[in-house]
Amino acid sequence: MTNSIREIEGMEVIFIIGSNTKETHPVIANRMIKAYRKGAKIIVADPRTVPMVKFAEVFLKLRPGTDIALLNSMAHVIVKEGLQNDAFIREKTEGFEAWKNSLEEFTPAKAEQITGVPKADIIKAAKMYGGSRKAGIFYTMGITQHTCGTDNVRTIANLATLTGNIGREFTGVNPLRGQNNVQGASDAACLPNVYPGYQKVDLPEVRRKFEQAWGVPLPPKRGLYATEMMNAAVDGSLKALYIMGENPILTDPNQHHTIKALENLEFLVVQDIFMTETARHAHVVLPAACSFEKEGTFSNTERRVQRVRRAVSPPGEARDDLSIIMELSTAMGYPMDYRSPEQVLEEFGRLWPALAGITYDRIKSRGIAWPCPTKDHPGTEFLYKDGFAKKVPFVPIAYNPPDEVVCENYPFVLTTGRNLFQYHSGSMSRRVGAIEEHAGEAYVELNPADGGKLGIANGEMVKVSSRRGDVEIKARFTRRVSEGTVFIPMHYREAAANVLTNDALDPDVMIPEFKVCAVEIVPLEKKAAKEVTASAK
């Protein structure tokens with residue numbers, strides 16, 4: 001997040017796009033509801049009628065994968081209405097005129113044709129966001145998990161830049177992190193193209209700095225993204241894989257492809273707190289400690305570095321991640337002898353100035369948000385207060401349809417996500433009896449009108465098929481989804497959504513298109529009859 005959680009309550013306009021905030025980030029949602037009760041206006045853009053719609057002034061129920069057309073159209077309206085922040089554009093940006101010209105085709109009428117959102121609602125939302133100088137945008141994987149995910153984010157940045165809703169209190173572009181310490185993992189370079197602090201591996205001066213600090217030569221080019229690793233395992237160019245705290249058999253797209261990749265490896269190590277679906281394929285499983293069983297720091301969605309303290313000892317042979325990594329590294333020829341996680345944080349601060357001022361002593365009772373360059377710095381609630389390193393470019397973004405669109409054989413659009421009660425691949429939450437009793441059954445959300453056309457009853461078992469596979473699952477009728485769109489939560493191994501999802505990738509960051517694929521839905525009886533007929537032929 002460019003801005004802090006605290007600031008949400010001071011915003012005039014909150015624009016939520018591609019985020020089921022009430023169910024997947026309930027703490028953030030509660031702040032938004034507090035802001036609403038203080039008079040803030042909320043805009044929600046989503047393919048489903050998610051719970052935050054209850055508080056929305058405008059609900060933009062768009063077709064999955066059409067975010068760019070919607071956002072460009074909103075920018076089109078803001079420019080036509082003269083609501084842009086001219087002083088900000090003049091002083092802090094570049095490329096405005098060329099970008100403005102690229103918006104001409106994105107009239108509200110054209111956007112309505114693409115997105116399905118009435119043009120009057122597009123205009124209303126644009127005027128609301130463009131007319132405020134205390135407006136924040138919030139998004140999650142409904143924006144990023146597309147073949148155009150990078151362009152979706154750039155289009156959001158264009159909108160914030162157009163209005164100058166960045167670099168000030170109560171504004172910002174705020175991606176909400178999906179899992180505990182994802183921000184910290186990214187900061188610490190759990191990415192293939194950067195060293196800690198997002199310092200590029202392909203910059204010689206950066207590489208030299210880390211070579212001196214670590215005392216070893218380092219490769220001059222980036223490694224593989226996670227999705228590239230699976231493809232490399234399938235073709236045999238990747239021989240071994242070490243997976244920590246991930247369950248890709250349930251969380252990666254095209255599950256059959258993922259299983260094929262893991263089974264083709266010569267050596268697979270999985271480090272986790274439970275025996276997950278992925279761990280069952282491992283040659284070696286390293287039992288890890290959970291967050292309440294270890295010391296260290298986590299960084300939350302607002303960049304706040306916070307202490308984690310051990311409350312109980314790890315069970316059995318489980319050990320904290322740092323001790324496992326140190327022993328493995330030493331056995332492989334690079335001795336690591338950190339005395340504690342605190343020493344790792346100190347090294348982090350020496351190599352990344354944004355963390356230089358954060359120490360265990362300073363975060364004993366409350367975390368500090370980076371950048372925090374010195375020991376007397378209070379931390380940074382919102383970014384770019386003192387301006388930008390260089391002028392912010394406007395980037396023209398074209399709209400292209402999703403990689404996979406509906407056809408006669410696959411007439412429905414499937415989108416996937418989470419629900420309130422389960423968490424991610426369910427490796428933790430599905431072990432809780434009370435949760436399973438309440439929300440332990442897989443389902444596909446289907447508009448009642450579509451159910452009627454298909455001759456399906458509410459609660460009936462159906463088969464959902466894509467070009468990659470099929471699952472048997474219970475139909476749940478709801479008007480949360482529009483006709484022609486269906487939704488399956490990702491948590492349920494017995495009807496895994498990612499058997500169906502498309503493994504087409506964003507070309508920039510290699511994120512798969514989890515949020516859009518084409519599927520067929522039939523009652524189990526009809527599917528069985530079709531299979532018998534086909535086998536007879």
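What follows is a walk through the domains, one sheet and the cores of this structure.

This is a predicted model, in which local features need pLDDT of at least 70, side-chain atom pairs count only at pLDDT 80 or more, and totals for chains, interfaces and linings use all residues. Residues are numbered from 1 along each chain as its sequence is written, and side-chain values use heavy atoms, without hydrogens and water.

The domain assignment gives domain 1 (6-176), domain 2 (182-369) and domain 3 (412-536). Such bounds come from an automatic or database assignment. The centres of domain 1 and domain 2, taken over C-alpha atoms, are 33 Å apart.

Start with the sheet. Five strands form an open sheet in the order β3-β2-β1-β5-β6, paired in parallel. Strands are DSSP runs (E, at least two residues), as are helices (H or I, at least four), numbered from the N terminus. Pairing needs at least two DSSP bridges. β3 (58-60) and β6 (173-175) are the edges; each has a single partner strand, so one side of each lacks a neighbour in the sheet. β5 (residues 135-139) pairs with β6 over 3 bridges. There, I137 is the bridge partner of V173.

Now the core. The largest nonpolar core (buried Ala, Val, Leu, Ile, Met, Phe, Trp, Tyr and Cys residues joined through side-chain atoms within 4.5 Å) has 38 residues. Buried means under 20% relative accessible area (1.4 Å probe, protein chains only), exposed over 50%, partly exposed in between. Helix α3 (residues 67-80) gives the most to this core, with 7 residues. A second, separate core of 25 residues includes V444, V499, V519 and I521.
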